[in-house]
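Me: Could you take a close look at one part of this protein for me? I'd like to hear about the aromatic rings and the surroundings they sit in.

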Amino acid sequence: MVQQKNILMILPEDAEPVEFCSLLTRYNYTRLCPTVEEGFSFLARNSDIVSAVILDIRLAWQSNFECIKAFSDDPRFASIPLIVVSPDAPAEQDMRSLALGASDLISPPCPWELLSKRIYNAIRAKDSATFYEIEGMLRKLPCNIFLKDAEGKYVFSTQYWRHLEKRNDPNWTIRGKTDIEVRKDKENAKRAHESDMNILATGQGAHYVIEENEDGVQEFLEVVKEPVYGAEGTISGIIALITDVTEREQLKRKAKESGSN
């Protein structure tokens, strides 16, 4: 069952959006507020149930578009699209609403299919980060997160470790390559590839620690891998986390050496 979306409409008291509202009855919830203050007050209390806000361009003009900027700057509403609606064909100055953060500027009446699609796209765009946005956020973490496809080839990797081939080449990418192709340490590359093939064949994850010695630097990397399943329940790839545990492993070795003495 498709989840219905909740719409908050902020329209002036003299508006008669009968046709427009009748189109929106296909949505689960429509709330009409005659002022920006009332609408934003309601939104602040109920942001968890509102999927999109529709704001009349005339109310935006009353505040010289400051209400749109305030909405866009408020972190509580970061995941909620603001769709500005104009009763007439939008004027050139109305485009300021888009520059200040509105997700769309629409002008009903228009075919329901088009209106519905534009509202849906605005909600979807705010509802989920893009692949590249997620990849960029993950790069901020000190660990390495990577994804491989059903053939064991990299889809992305958030960090390039020192033991990778050509990692300093700005035009080089790990996408579409296997461990055998990208890793200098062929013994660990073979181990990683065999581990991937086993995960793809059995659905059993893997957890192990490898030692790397590159450029005179000793590193211990903890690897955790789990299968990724597609919509039909079949394994579509591998998601994995690599964490630098060098300090921990070196301390363990020192403790073991001290104990043996």
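Reply: Happy to; here is a walk from the ring pairs to the enclosed space. One thing to keep in mind is that this is a predicted model.

Let's start with the rings. A search of the whole structure turns up six aromatic pairs. One of them joins tryptophan 61 and phenylalanine 65, with 4.8 Å centre to centre and 65° between the planes. That pair is edge-to-face because its angle of 65° is over the cut-off of 60 degrees. The two partners can also be described by their accessibility. Tryptophan 61 has a relative accessible area of 37%, so this residue counts as partly exposed. Phenylalanine 65 has a relative accessible area of 0% and is therefore buried.

The backbone here deserves a look too. Phenylalanine 65 belongs to the loop between α3 and α4, and its phi is near 70°, a positive value in a residue other than glycine. Asparagine 64 is also placed in the loop between α3 (57-62) and α4 (66-73). Its phi is positive as well, near 55°, and again the residue is not glycine. With a relative accessibility of 42%, asparagine 64 is partly exposed, whereas phenylalanine 65 is buried.

Elsewhere, ring pairs tie Phe40, Phe71 and Phe77 together into a cluster.

Now to a ring with a charge over its face. Lysine 148 lies over the face of tyrosine 154, at 4.6 Å from the ring centre. Tyrosine 154 also brings us to the enclosed space, since Tyr154 is listed with Phe146, Asp179, Arg183 and Ile242 as the residues that lie nearest the centre of the largest cavity.

The structure holds one cavity of 30 Å³ or more, and the volume of the largest cavity is about 150 Å³. Its lining is made up of 20 residues. Several elements give two or more residues to that lining: the strands β6 (144-149), β7 (154-157), β8 (206-214) and β9 (217-229), together with the helix α9 (186-202). By residue type, the lining divides into ten nonpolar, five polar and five charged residues.

To pull the threads together: the loop between α3 and α4 holds phenylalanine 65, which pairs edge-to-face with tryptophan 61. Tyrosine 154, for its part, has lysine 148 over its face and is among the residues nearest the centre of the largest cavity.

Key. Residues are numbered from 1 along each chain as its sequence is written. This is a predicted model: local features need pLDDT of at least 70, side-chain atom pairs count only at pLDDT 80 or more; totals for chains, interfaces and linings use all residues. Side-chain values use heavy atoms; hydrogens and water are left out. Rings of Phe, Tyr and Trp (its six-membered ring) pair if their centres lie within 6.5 Å; planes under 30 degrees apart count as stacked, over 60 as edge-to-face and the rest as tilted. Buried means under 20% relative accessible area, exposed over 50%, partly exposed in between (1.4 Å probe, protein chains only). A charge sits over a ring if NZ of Lys or CZ of Arg is within 6 Å of the ring centre and within 35 degrees of the ring normal. On a 1 Å grid over the protein atoms alone, a cavity is a set of points where a 1.4 Å probe fits but cannot get out, and a pocket is an open set with protein on both sides within 12 Å along at least five of seven lines; lining residues have an atom within 4 Å of a point. Grid points are joined across faces, edges and corners, and a volume is the space filled by probe spheres set on the points. Helices (H or I, at least four residues) and strands (E, at least two) are DSSP runs, numbered from the N terminus. Ala, Val, Leu, Ile, Met, Phe, Trp, Tyr, Cys and Pro count as nonpolar, Asp, Glu, Lys and Arg as charged, and the others, Gly among them, as polar.
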